[in-house]
Amino acid sequence: MKRVVTYDVKEGNDYSRFYEFVHEASAEQITESTYLFDTQLSQEDFSRRLKYVFNKGDKVAYITHNNKEGIFFVRIEK
């Protein structure tokens, strides 16, 4: 499943867990703060993983699709 993740990290917060996830998933960088993931993780697992790798105050969302809803975005809340 391809998903496009975009983020804005709150000043002072750490990016390292996200970059580890990028490396593990072999995600492709599109812009400075946008990455394309192609992963077998379910939407629930992918969202859970993003919640883990980012911190409170970070703004994170991803674009994805499914057969029921088509293309849509999910905002990650911490």
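This note sets out numbered points on a predicted model, beginning with the sheet and ending with two individual residues.

1. Overall sheet. The model contains an open sheet of five strands, arranged in the order 2-3-1-4-5 and paired in antiparallel fashion. Strand 2 (28-31) and strand 5 (70-76) occupy the edges; each has a single partner strand, so one side of each is left without a neighbour in the sheet. From one strand to the next, the twist averages 25°.

2. Strands 2 and 3. The edge strand 2 and strand 3 (residues 34-38) run antiparallel and are joined by three bridges. The connection between strand 2 and strand 3 is a hairpin of two residues. Within this pair, Gln29 is placed opposite Tyr35 of strand 3.

3. Helix 1 against the sheet. Helix 1 (residues 16-25) packs on the sheet, where it touches strand 1 (2-8) and strand 3. The direction of helix 1 makes about 40° with that of strand 3. After helix 1 comes Ser26, which has a positive phi, near 55°.

4. The two sides of helix 1. Which residues of helix 1 are buried? They are Phe18, Phe21, Val22 and Ala25. These residues lie on the same side of helix 1, because the arc they cover around the axis is only 100°. The spacing reflects a general property: an α-helix has 3.6 residues a turn, so residues three or four places apart point the same way. His23 and Glu24, on the other side of helix 1, are exposed. The cover over the buried residues of helix 1 includes strand 1, strand 3 and helix 2 (43-53).

5. The nonpolar core. The largest nonpolar core comprises 19 residues, and Val5, Phe18, Phe37, Leu50 and Phe54 are those with the most contacts inside it. Two or more residues of this core are given by each of strand 1, helix 1, strand 3, helix 2, strand 4 and strand 5. Helix 1 supplies the largest share, four residues.

6. Phe18 as an example. Phe18 is one of the buried residues of helix 1 and is also among those with the most contacts inside the largest core. Apart from its neighbours within four places in sequence, Phe18 is in contact with Val5, Tyr7, Tyr35, Phe37, Leu50, Val53 and Phe54. Of these, Tyr35 is the residue that stands opposite Gln29 across the pairing of strands 2 and 3.

7. Thr64. This residue belongs to strand 4 (residues 59-66). Is Thr64 buried or exposed? Thr64 is buried, because its relative accessible area is 3%, and the limit for buried is under 20%. Its side chain and that of Arg3 are joined by a polar contact of 3.5 Å. With residues up to four places away in sequence left out, Thr64 touches Met1, Lys2, Arg3, Gln43, Gly70, Ile71 and Phe72.

8. Gln40. The loop between strand 3 and helix 2 holds Gln40. Gln40 is exposed, because its relative accessible area is 78% and exposed means over 50%. Gln40 and Gly70 are separated by 30 residues in sequence and by 18 Å in space, C-alpha to C-alpha. Gly70, for its part, is among the residues that Thr64 touches.

How values were computed. Residues numbered from 1 in each chain as written. Predicted model: local features only at pLDDT ≥ 70, side-chain atom pairs only at ≥ 80, totals over all residues. Heavy atoms only, no water. Buried < 20%, exposed > 50% of the residue type's maximum accessible area, 1.4 Å probe, protein only. Polar contact = N/O pair within 3.5 Å; in protein donor to acceptor, adjacent residues only side chain to side chain. Contact = heavy atoms within 4.5 Å. Pairing = 2+ DSSP bridges. Axes fitted to C-alpha atoms, helices over the stretch in contact; angles between N-to-C directions. Arc of directions from axis to C-beta. Core = buried A, V, L, I, M, F, W, Y, C linked by side-chain atoms within 4.5 Å.
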